[in-house]
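Dear colleague,

I am handing over the structure we spoke about, together with some notes on what came out of going through it. Please keep the coordinates open while you read.

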Amino acid sequence: MNTNDFDFYLPEELIAQTPLEKRDSSRLLVLDREQKTMVDSHFDHIIDQLNPGDALVMNNTRVLPARLYGEKPDTHGQVELLLLKNTQGDQWEVLAKPAKRLKTGAKISFGDGRLTATIVEELEHGGRIVEFHYEGIFLEILESLGEMPLPPYIHEKLDDRDRYQTVYAKENGSAAAPTAGLHFTTELLEKIQAKGVKLVYLTLHVGLGTFRPVSVDNVDEHDMHSEFYSLSQEAADTINQVKAAGGRIVAVGTTSIRTLETIGQKFDGKVQADSGWTKIFIKPGYDFKVVDAFSTNFHLPKSTLVMLVSAFAGREFVLEAYKHAVDEKYRFFSFGDAMFIK
């Protein structure tokens, strides 16, 4: 498979720069992969796509305000760090700018010295391991000094940082939001639950690799980024009960899919409580073990996420749906509209 097989035309003006006023007022394109049909709808009607006895599985990761601006005390040179993941103790893997000026041993100060950092190790592509020094609680300091790490294709400033969090965000650790979940409101989830749908939560901390373009021509040569996931015993039990009773496992977003399918692969199609790191790459030819349907946003051309959706619904049908979305002026990417694929 060639990366260009997953390319499509996308006018830049269709890239949503800001969230809609109401989370669930976005549009929803409903795809039936068996019938090869597509229907234009709205997200608050997603409840019509869910049946009593289904399980709706959501990623409850919480985005850290992971972009820090500081300076080198010796030169007063401006520095930007983007926190990717906590490696141990107070050490973090980060993306650093300008990386070439941040050698091992370099010091950085943030917020008039409330937070300082030392470069511990130099990694490739601007990556660094830094150790933070502070008094108090790190996450509280980060909340006051950090900015939300919006994706590179969003150029507008976000007035309300909570709009880049799902309403059920709970577990701190993501460098990016699980954006398919941004459409849900508390009220909509209550209606879904009242219909007899089980609400299930798992955690996958989204890494910035989710925005990394595929830089190789041959899809099979792409190296996936690694992300931490966790599924509780309670969640595993609910999913297994729903499956045993004939209900569907409906995932919200590609991060939920990747977690469920990682576990399904690991345990021969069964779902068990589990945690660890996944580099699963779901592309056409993949045999889905757990997920029966899902909602997702519209993704970047030639991305691993378009490949994942194509693995579920078929490449030609997915690209046809994307063309329809472009023609009908759907909004794309993180703050954009959604698809429901069954």
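The model is a predicted one, and I begin with helix H6. This helix covers residues 315-327, and its 13 residues, at 1.5 Å a residue, should span 18 Å, which agrees with the 18 Å that separates its end C-alpha atoms. Its buried residues are Phe317, Val318, Leu319, Ala321, Tyr322, Ala325 and Val326, and they pack against strand E1 (27-32), strand E2 (37-42), strand E16 (293-297), helix H5 (304-313) and strand E17 (338-341).

H6 also carries a salt bridge of its own, between Lys323 and Asp327, whose closest N and O atoms are 2.9 Å apart. The two residues are four places apart within the helix, about one turn. An α-helix has 3.6 residues a turn, so residues three or four places apart point the same way. Lys323 counts as exposed because its relative accessibility is 53%, and exposed means over 50%, while Asp327, with a relative accessible area of 47%, is partly exposed. After the helix comes Lys329, which has a positive phi, near 60°.

Several of the strands that H6 packs against belong to the main sheet I would like you to look at next. It is an open sheet of nine strands in the order E2-E1-E17-E16-E14-E3-E12-E13-E15, and its pairing is mixed. E2 and E15 are the edge strands, each of them pairing on one side only, and neighbouring strands are turned against each other by 20° on average, direction ignored.

Within this sheet, strand E3 (residues 55-59) pairs in the parallel sense with strand E14 (residues 249-252) over three bridges, and Ala55 stands opposite Ile249 of E14. Two helices pack on the sheet here. Helix H2 (residues 186-194) touches E3 and strand E12 (198-204), and its direction makes about 125° with that of E12. Helix H3 (residues 233-244) touches E3, E12, strand E13 (227-231) and E14, and its direction makes about 130° with that of E12.

At the edge strand E15 (residues 274-278) one finds Asp274. Is this residue buried or exposed? Its relative accessibility is 12%, and because buried means under 20%, Asp274 counts as buried. Leaving aside neighbours within four places in sequence, Asp274 is in contact with Tyr229, Ser230, Leu231, Ile263, Lys266 and Phe267. One of these contacts, Lys266, forms a salt bridge with Asp274, with the closest N and O atoms 3.1 Å apart; Lys266 is partly exposed, having a relative accessible area of 46%.

The salt bridges come to twelve in the count. A further one joins the side chains of Asp24 and Lys22 at 2.8 Å, N to O, and here Asp24 counts as buried, at 8% relative accessibility. Arg62, Glu143 and Arg161 are linked in a network of salt bridges.

A run of antiparallel strands also deserves a look. Strand E5 (residues 67-71) pairs with strand E6 (residues 78-88) in the antiparallel sense over five bridges, and the bridge partner of Glu71 in E6 is Gln78. These two strands form a hairpin with six residues between them, and in the turn His76 has a positive phi of about 60°. E6 is in turn joined to strand E7 (residues 91-97) by seven bridges, again antiparallel, with Leu95 in E7 as the bridge partner of Leu82. The hairpin of E6 and E7 has two residues between the strands, and Gly89 in its turn has a positive phi of about 55°.

Finally, the nonpolar interior. The largest nonpolar core holds 69 residues, of which Tyr164, Leu260 and Phe332 touch the most other members. Not counting residues up to four places away in sequence, Phe332 touches Phe8, Leu10, Leu14, Ile15, Ala16, Phe298, His299, Tyr322, Ala325 and Val326; Tyr322, Ala325 and Val326 are among the buried residues of H6. There is also a second, separate core of 25 residues, which includes Val94, Ala96, Ile108 and Leu208.

With best regards

Terms used: Residues are numbered from 1 along each chain as its sequence is written. This is a predicted model: local features need pLDDT of at least 70, side-chain atom pairs count only at pLDDT 80 or more; totals for chains, interfaces and linings use all residues. Side-chain values use heavy atoms; hydrogens and water are left out. Two strands pair if DSSP finds at least two bridges between them. A nonpolar core is a set of buried Ala, Val, Leu, Ile, Met, Phe, Trp, Tyr and Cys residues joined through side-chain atoms within 4.5 Å. Buried means under 20% relative accessible area, exposed over 50%, partly exposed in between (1.4 Å probe, protein chains only). Contact means heavy atoms within 4.5 Å. The expected span of a helix is 1.5 Å times one less than its number of residues. Axes are lines fitted to C-alpha atoms, for helices over the stretch in contact, and angles run from 0 to 180 degrees between N-to-C directions. A salt bridge is a side-chain nitrogen of Lys or Arg within 4 Å of a carboxyl oxygen of Asp or Glu.
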